[in-house]
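Please open the model in your viewer and keep the sequence beside it, since this tour moves from one selection to the next and says what to look for at each stop.

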Amino acid sequence: FGSEQLLATSETRATVERHADWYGTWATAELTRLRGGVMDAGVSIIERERPNLLAALRWSLSENDEPRALSTGLPLSTMWLGRDYFDEGVEWIGRMIVSLSPSPRLGAIRICLSAMLLSHNADAAGALEHARDGVEMLKSARDGPLAWLETVGMSMQAIALSRTGRADEARKAFDASVSAAREAGDLYALASNLCSSRVGWPDRASERRVLAEATEILRSLDSD
């Protein structure tokens with residue numbers, strides 16, 4: 001009986017591992033394909049598999065399996081942000097921050113948390129810390145598929161600086177986030193950063209200019 005139970009346990013573990021691997025690989029591929037588009041309608045693709053991804057993340061964290069936790073945790077984080085699963089996202093990202101070692105993908109997850117906090121006007125100082133730490137972790141992956149998230153993190157830094165009364169620092173950070181998005185070549189991220197940067201412009205003419213550019217980018221994306 002003992003050997004049969006051990007075999008059943010082994011088979012169950014192998015099944016769970018295959019489940020986590022499949023959904024982690026699939027969600028990571030979708031995130032890479034969508035890039036900044038995951039912040040728009042594309043996120044619905046990941047949202048449809050939310051229960052399966054959550055199950056895989058829960059198991060991976062319970063097993064201290066960092067690679068599998070990150071492969072499911074990052075796509076989920078973009079979905080929590082894009083679809084406003086605020087309470088669920090804050091809870092699970094908090095678990096990942098405590099459990100996982102610093103890495104580019106954890107940095108991207110922290111940037112998602114920063115954006116979630118700012119979108120709910122919750123803890124601007126904490127959002128600034130998460131954005132800064134996230135951008136720092138992403139530096140080693142600057143030329144990879146997560147580069148667009150680094151530019152989002154820079155924009156979150158700027159917004160948090162603005163909300164904590166540091167206008168001059170915020171203006172420089174907004175400019176840097178737009179430049180980085182242009183360099184990364186992700187139009188969704190560029191449009192988002194342009195829209196965010198309008199709060200840092202001191203005059204209406206400059207604000208209208210950046211909003212006009214963002215609108216034109218979004219129209220071009222809709223027409224593709």
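Helices, as the word is used on this tour, are DSSP runs of at least four residues, numbered from the N terminus. The model in front of you is a predicted one.

**The whole chain**

Begin by colouring the protein chain by secondary structure, which comes to 11 helices and zero strands, so that reading along the sequence gives the pattern α-α-α-α-α-α-α-α-α-α-α. Of the 224 residues in the protein chain, 47% count as buried. Among the contacts between residues at least 6 apart in sequence, 61% join residues that are at least 24 apart.

**The loop between α6 and α7**

Next, select D123, which lies in the loop between α6 and α7. The phi of D123 is positive, about 60 degrees, although D123 is not a glycine, and the residue is partly exposed, with a relative accessible area of 48%. Now add N121, whose place is also given as the loop between α6 and α7. N121 has a positive phi of about 50 degrees, again without being a glycine, and with a relative accessible area of 63% it is exposed.

**Helix α7**

From the loop, move on to helix α7, residues 124–138. At 1.5 Å a residue its 15 residues should span 21 Å, and because its end C-alpha atoms are 21 Å apart, the model agrees with that expectation. Which residues of α7 are buried? They are A124, G126, A127, L128, H130, A131, G134, V135, M137 and L138. To see what covers these buried residues of α7, display the surrounding elements, including α5, α6 (104–119) and α8.

**Helix α8**

Select α8 (147–163) next. This helix has 17 residues and reaches 25 Å from its first C-alpha to its last, close to the 24 Å expected at 1.5 Å a residue. Of those 17 residues 15 are buried, so α8 is largely enclosed by the rest of the structure. If you step past the end of the helix, you come to G165, which follows α8 and has a positive phi, near 80 degrees.

**The second largest pocket**

With α8 still displayed, turn to the second largest pocket, in which about 170 Å³ of space lies. Ten would be a long list to select by hand, but of the 10 residues that line this pocket, the closest to its centre are R142, E150, A180, E183 and A184. The elements that give two or more residues to the lining are α8 (147–163) and α9 (167–184), and α8 gives the most, with four residues. Colour the lining of the second largest pocket by residue type, and it divides into four nonpolar, one polar and five charged residues.

**Salt bridges**

For the last part of the tour, show the charged side chains, where the count of salt bridges comes to 10.

Start on helix α9 with R171 and D175, whose side chains meet in a salt bridge at 2.8 Å, N to O. Because R171 and D175 are four residues apart in helix α9, they are separated by about one helical turn. R171 is buried, with a relative accessible area of 16%, whereas D175 is partly exposed at 35%.

Then go to helix α5 (residues 86–99), where R95 and E91 are likewise four residues apart, and therefore separated by about one helical turn. The side chains of R95 and E91 meet in a salt bridge at 2.5 Å, N to O. R95 is partly exposed, with a relative accessible area of 37%, and E91 is partly exposed as well, with a relative accessible area of 42%. It may help to look down the axis of the helix at this point: an α-helix has 3.6 residues a turn, so residues three or four places apart point the same way.

Finally, select D65 and R68, whose side chains meet in a salt bridge at 2.5 Å, N to O. Are these two residues buried or exposed? Both D65 and R68 are buried.

Technical notes: Residues numbered from 1 in each chain as written. Predicted model: local features only at pLDDT ≥ 70, side-chain atom pairs only at ≥ 80, totals over all residues. Heavy atoms only, no water. 1 Å grid on protein atoms, 1.4 Å probe; cavity = no way out; pocket = protein on both sides within 12 Å on 5 of 7 lines; lining within 4 Å. Points joined across faces, edges and corners; volume = space filled by probe spheres on them. Nonpolar A, V, L, I, M, F, W, Y, C, P; charged D, E, K, R; others polar. Salt bridge = Lys/Arg side-chain N within 4 Å of Asp/Glu carboxyl O. Buried < 20%, exposed > 50% of the residue type's maximum accessible area, 1.4 Å probe, protein only. Expected span 1.5 Å × (residues − 1). Contact = heavy atoms within 4.5 Å.
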